[in-house]
Amino acid sequence: MIKVMLADDEDLVRSGLRMILSSAGDIEVVAECDDGLLVADLARQHRPHVVLLDVRMRSADGLVALRRLRTLPEQPRVAMLTTFDIDEYVSEALRLGASGFLLKDTEPEQLVKAVRDLARGGAVLDPGVAARVLAAVADGERAAEPARRLLTSLSEREREVLQLIGQGMSNAEIGGALHLSEATVKGYVSSVLGKIGAVNRVQAALVAYRGGLIA
């Protein structure tokens, strides 16, 4: 079972997330929290594989909670929950090791898939928030030249794959767009991450944005 912890100060949001995730046979919500100061303690107690963490919470925001989660011996994968008002939290959350960003109203199937991807060690970037996340971490400029140098190491097909990663597509969606098998796409993604020095798909998407592959 994939153990999930929900950290959001809105009861209605937690209730909706719990209902969606509990309907999946391989996911169990093991803890819930509405206070940023309590997140790490609960995670230490319940040892979730994945934490869905609200950017803004009472007592302490999601960044404080994320910093504390990073001190745990067994660190869960963390995806930040947000709305469309992406702000200065994003860049710091990435620096602290957040593995993705999800909209609070993500479609149920996408949410379940995102949790499974996170549990397997992947990163997730909701297509509905991808462009705004990348724009927020650009700090007003693309830092284009370093990113473009990284892109020169990629083949034409790898650049196409990176562009679609930057749009928030999953491996299956990329395969459909490029008429490739999911296994082939997985190989391309691994190659792209290695060549540009990205540890996950979110960082890869940032390189794509700064290098001009996506608007």
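Let me start with pLDDT: that is the predictor's confidence in each residue, from 0 to 100. We need it here, as this is a predicted model. The protein chain has a mean pLDDT of 84. In that chain, 88% of residues reach 70 or more.

Where does confidence peak, and where does it drop? Strand β1, residues 2-7, is highest, at a mean of 95. Helix α6, residues 127-137, is lowest, at 64.

Now the pockets. The largest one holds about 760 Å³ of space. Its lining counts 33 residues. Closest to the centre are Lys 113, Asp 117, Ala 123, Asn 171 and Arg 201.

Which elements build that lining? Five of them supply at least two residues each: α5 (108-119), β6 (124-125), α9 (171-178), α10 (182-196) and α11 (201-210). Helix α10 gives the most, six residues.

What about chemistry? The lining of the largest pocket is mixed: 14 nonpolar residues, nine polar and ten charged.

On to the second largest pocket. Its volume is about 200 Å³. Which residues line it? From the early part of the numbering, Lys 3, then Ala 43, Arg 44, Arg 47, Pro 48 and His 49. After those come Leu 72, Pro 73, Glu 74, Gln 75, Pro 76 and Arg 77. By class, this second lining has five nonpolar, two polar and five charged residues.

To recap the two volumes: about 760 Å³ for the largest pocket, and about 200 Å³ for the second largest.

Conventions
Residues numbered from 1 in each chain as written. Predicted model: local features only at pLDDT ≥ 70, side-chain atom pairs only at ≥ 80, totals over all residues. Heavy atoms only, no water. 1 Å grid on protein atoms, 1.4 Å probe; cavity = no way out; pocket = protein on both sides within 12 Å on 5 of 7 lines; lining within 4 Å. Points joined across faces, edges and corners; volume = space filled by probe spheres on them. Helix = DSSP H or I, 4+ residues; strand = E, 2+ residues; numbered from the N terminus. Nonpolar A, V, L, I, M, F, W, Y, C, P; charged D, E, K, R; others polar.
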